[in-house]
Amino acid sequence: MNYTCKKLEMNFSKRLLDWYKIEHRDLPWRHTNDPYVIWLSEIILQQTQVKQGLPYFKKFVSKFPTVHDLANASEDEVLKLWQGLGYYSRARNLHHTARFVSKTLNGEFPNNFNELKTLKGVGDYTAAAIASFAFDEPVAVVDGNVQRVLSRYLGINTPINSTEGIKEFKTKAQKLIDISNPSVYNQAIMEFGALHCRPKSPKCMFCVFQQDCVAFQQGLQEELPVKLKKTKVKKRYFNYLVLTDSEENTIVQKRSGPGIWQGLYEFPLIESEKEQDEPISSDINELTGLPAKSIEVVKIYNDEPVIHLLSHRKIMATFIEVKINGPLSGIKFSKTYEIHKIKDLSQLAVPVLIQNFIESEFSMA
């Protein structure tokens, strides 16, 4: 490495840390080097903004102050507390890893990047964050904020989500890291991307890197970073059957297998790839095993489908009330359903889509 490049890297680190001292946010996980707390915060913040994740972090730390507390919780408890954050596989991985660390590792997290990566739900970024924040290992974090900063500062136009780009940004990030203070440096570069070098309207006119930033000098702020186009969003139609009886019971099932919302509860579901008319008795009979004479479709709760957006899906949901003649407890269903009092539905771990419906329709039940 020549003298000019080395000096540029040193200047980058110094200016970044000087900026961070003044502008950083006061966040609770920055006041500890406890790997459990740091790991918990990083899992919660995956695919989640700080302002949304912070209340969840506080709830988890309060309810599960140690990894042993989290390990001893049931999966339903964890999913219920996670409800609303989305990407529920994170919660299941969180619980799995807590049990592994508690039971197999006696509550001690691995203390280096390579071993941390062996934990379920911990990839390169999360391992680097824990390793540097908790153990001061000089390994660079690379998330969307870091990629944006480096892409603009160094003028890198390799797509950040390409195989080439992932490798290139890891290499560049590692070259720039301040090995004498990796914890603060990693926090600083992510914070700079989140608050200053923002995706839209970056604060270039007040930037400490103006003089050397390729994007600023060449007017490329809006073009960088480059990202390959996302997969087209697919539309799916969910028709939920809300079966009720005279005793104010209903039935739900827990989603199993791969796919969205694994481990969460939902009403019996008729799913399709195109919009369809109100399900007829034969559809309900096939799904539940109930004879047509036991079924009365009372109403559709929502006139228009409720739109629920996921990363690669657009769910159009309809909720249909179905009255059952006789108590649900006396019926032998063709599938595995659980009977619950309507008033107790709010205690179950359910997707936000269904939680919103429950609060809207049954809050006074």
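Leu 290 makes a good starting point in this predicted model. Leaving aside residues up to four places away in sequence, Leu 290 touches Leu 243, Asn 285, Ile 295, Ile 324, Ile 331 and Phe 333. Its place is in the loop between helix H13 (281-288) and strand S5 (295-300). Although it sits in a loop, Leu 290 is buried, with a relative accessible area of 1%. One of its contacts, Phe 333, lies 43 residues away along the chain, yet the two C-alpha atoms are separated by 7.0 Å.

From here, let us step back to the overall layout. The protein chain is divided into domain 1 (1-26 + 137-229), domain 2 (32-109) and domain 3 (234-362). Domain 1 is written as two segments, 1-26 and 137-229. Between the C-alpha centres of domain 1 and domain 3 there are 47 Å. A UniProt record adds another way of marking the chain: an unreviewed entry lists residues 44-195 as "domain: HhH-GPD". Over residues 44-195 the chain is 66% helix and 0% strand, and the C-alpha atoms at the two ends are 19 Å apart.

Now for the nonpolar interior. In soluble globular proteins, nonpolar side chains tend to be buried together. Here the largest nonpolar core has 94 residues, and those with the most contacts inside it are Phe 12, Trp 39, Phe 60, Phe 267 and Phe 319. Helix H2 (residues 35-45) gives the most to this core, contributing eight residues. There is also a second, separate core of 13 residues, and among its members are Ile 270, Ile 295, Ile 320 and Leu 328.

Helix H2 deserves a closer look. Eleven of its eleven residues are buried. The buried set runs from Pro 35 to Leu 45 and includes polar names such as Ser 41 and Glu 42 as well as Trp 39. What lies over these residues? The cover includes helix H3 (50-63), helix H4 (67-71), helix H5 (75-82), helix H6 (89-104) and helix H8 (124-135). Phe 60 shows some of this packing at the level of side chains: with residues up to four places away in sequence not counted, Phe 60 touches Leu 40, Ile 44, Pro 65, Leu 70, Val 78, Leu 81, Trp 82 and Leu 94. Two of these partners, Leu 40 and Ile 44, are also listed among the buried residues of H2.

The strands offer a contrast to follow next. An open sheet of three strands has the order S3-S2-S8, with antiparallel pairing. Strand S3 (265-266) and strand S8 (338-341) stand at the edges with a single partner strand each, so one side of each is left without a neighbour in the sheet. Strand S2 (residues 249-254) pairs with S8 in the antiparallel sense over four bridges. Asn 249 stands opposite Lys 341 in S8.

Finally, turn to the cysteines. How many disulfides are there? The count comes to zero. For Cys 204, the closest cysteine sulfur is that of Cys 207, and because the two sulfurs are 6.4 Å apart, they are too far from each other for a bond. Cys 213 is in no disulfide either, with the nearest cysteine sulfur, again that of Cys 207, 6.2 Å away. Both Cys 204 and Cys 213 are buried: the relative accessible area is 16% for Cys 204 and 11% for Cys 213.

Technical notes
Residues numbered from 1 in each chain as written. Predicted model: local features only at pLDDT ≥ 70, side-chain atom pairs only at ≥ 80, totals over all residues. Heavy atoms only, no water. Core = buried A, V, L, I, M, F, W, Y, C linked by side-chain atoms within 4.5 Å. Buried < 20%, exposed > 50% of the residue type's maximum accessible area, 1.4 Å probe, protein only. Contact = heavy atoms within 4.5 Å. Disulfide = S-S within 2.5 Å. Pairing = 2+ DSSP bridges. UniProt positions renumbered as here; feature names shortened; annotations may be inferred. Domains from an automatic or database assignment.
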